[in-house]
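Trainee: Could you take me through this one and show me where the labels come from?
Mentor: Sure, let's look at it together.

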Amino acid sequence: MEEETCPLLKSPNGETSVKIMKKSSYVFSVQNYTARVKRIGVGNSIASPPFVVEGYSFSVQFYPHGKDRAAHAHGRMSVFIRNESSKMVVCISAIHILDQSGFNIHRGYSSFDGDRRKSYRHVLTIKPGGQRGSDRFLWRELIESKHPKYYLPGDCLKIRATIGVFIDQPLPFANVLGPFDRCIFFQVEGYLVFAEESVLVTRCPTLLSFCHSQSNSLSENIVIPDIERNVFVGVLWFIYNQQLHKQDKLAIYNSKPDDMDSFFSKMLAAADRFNLKSLRSQCETMNFFGNAEVFLRESCYAMKRTFEKSWRNLRWLWDSEKIKEA
């Protein structure tokens, strides 16, 4: 008698699988750092042993003198993640040079939750044999000269690579009863970023409703039209952190309120589009203080010019009276 298997139940919109992320970290130790770095030149790398994340094989490619002459000229070292598998992988990454002193001042970037807005939640597609990373990762001087006791104790450099691989997970029966902690891909101007459904449910249901209206399957890329990539990433940062990124604060602070093409105006439009009232409030507050500073600065300059003009007139009158008395 054959054993019956319970068929996969579909989600309310007819899906039988969800896109989830599996994350794992690997630490690559570069022993005898000084001697090994001296033996290689620009464009040559020190490769880590392969490591596996969810069936995909990766390696860390470390270029101490830079991957190319441009990086070397700027005094930068380069670090890349290489896909050693025979198939394409869709993933997200974080790379850090570890602080081994115990202060945990790690140097690098994270696309998961780091402060580097340019790569925030950026989804990578790496072909077999391809690699993605940063050609201007860090200044060599920072690691080798300024803080060797933090990053090179015992002449050993440690690089931590964290990789999140996106896979399609069959939808089990238990998950049908509640919200799915799935990953949703957004495509903005050809740029791919992601967000978890569980976060959108609580913090931006309007965006989640838009996703459902655009596609029958949240496993597909959701194209966001009529919005710039820079603006959408700023909105995504706000959804996760509940505050503006420091780069966005500066851009809004320096924007003119009546300029419809400014970053401030575009963020307000996005806040209204996705019903993010707190985002609108923070944008308006930041822009108000920026324009208040401009007003005060211009007022002070005007007062200074008026005072200098009045002072020159008084000096002229004073000199005229002295001439008459003489």
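Here we go from the ground rules to a sheet, a helix, the cores and one serine.

Mentor: Ground rules first: this is a predicted model, where local features need pLDDT of at least 70 and side-chain atom pairs count only at pLDDT 80 or more, while totals for chains, interfaces and linings use all residues. Residues are numbered from 1 along each chain as its sequence is written, and side-chain values use heavy atoms, with hydrogens and water left out.

Trainee: How many helices and strands does the chain have?
Mentor: Ten helices and 13 strands. Helices here are DSSP runs of H or I with at least four residues, strands are runs of E with at least two, and both are numbered from the N terminus.

Trainee: What makes S11 and S12 a pair?
Mentor: Two strands pair if DSSP finds at least two bridges between them. Six bridges join S11 to S12, running antiparallel, so they qualify under that rule. One of the bridges puts Ile184 opposite Ala195 in S12. The two strands form a hairpin with two residues between them, and Glu189 in the turn has a positive phi of about 55 degrees.

Trainee: And what makes S11 and S13 a pair?
Mentor: S11 (residues 183-188) and S13 are parallel and share two bridges, so the minimum of the definition is met. Phe186 is partnered with Ile222, and Gln187 with Val223.

Trainee: Which strands are called edge strands?
Mentor: The open sheet has the order S12-S11-S13, with mixed pairing. S12 (191-196) and S13 (222-223) are its edge strands, as each pairs on one side only. Helix H7 (residues 229-241) packs on the sheet and touches S11 and S12; its direction makes about 15 degrees with that of S12. That angle is between N-to-C directions on a scale from 0 to 180 degrees, with axes fitted to C-alpha atoms, for helices over the stretch in contact. Touching, or contact, means heavy atoms within 4.5 Å.

Trainee: Why is H7 called largely enclosed?
Mentor: Buried means under 20% relative accessible area (exposed is over 50%, partly exposed in between; 1.4 Å probe, protein chains only). Ten of the 13 residues of H7 are buried, so the label fits. Among them are Val231, Phe232, Trp237 and Ile239.

Trainee: How do you know that its length agrees with its residue count?
Mentor: The expected span is 1.5 Å times one less than the number of residues. For the 13 residues of H7 that should be 18 Å, and the end C-alpha atoms are 18 Å apart, so it agrees.

Trainee: What is in the largest nonpolar core?
Mentor: A nonpolar core is a set of buried Ala, Val, Leu, Ile, Met, Phe, Trp, Tyr and Cys residues joined through side-chain atoms within 4.5 Å. The largest has 39 residues, and Phe186, Leu207 and Ile224 have the most contacts inside it. H7 gives the largest share, nine residues. Leaving aside neighbours within four places in sequence, Leu207 contacts residues including Phe186, Ile224 and Phe232.

Trainee: Last one: why is Ser59 called buried?
Mentor: Ser59, in strand S4 (residues 56-63), has 2% relative accessibility, so it counts as buried.

Trainee: Which side chains make polar contacts with the side chain of Ser59?
Mentor: A polar contact is a pair of N or O atoms within 3.5 Å; within protein, one must be able to donate a hydrogen and the other to accept it, and residues adjacent in sequence count only if both atoms are side-chain atoms. The side chain of Ser59 makes one with that of Gln61 at 3.0 Å, and another with that of Glu84 at 2.6 Å.
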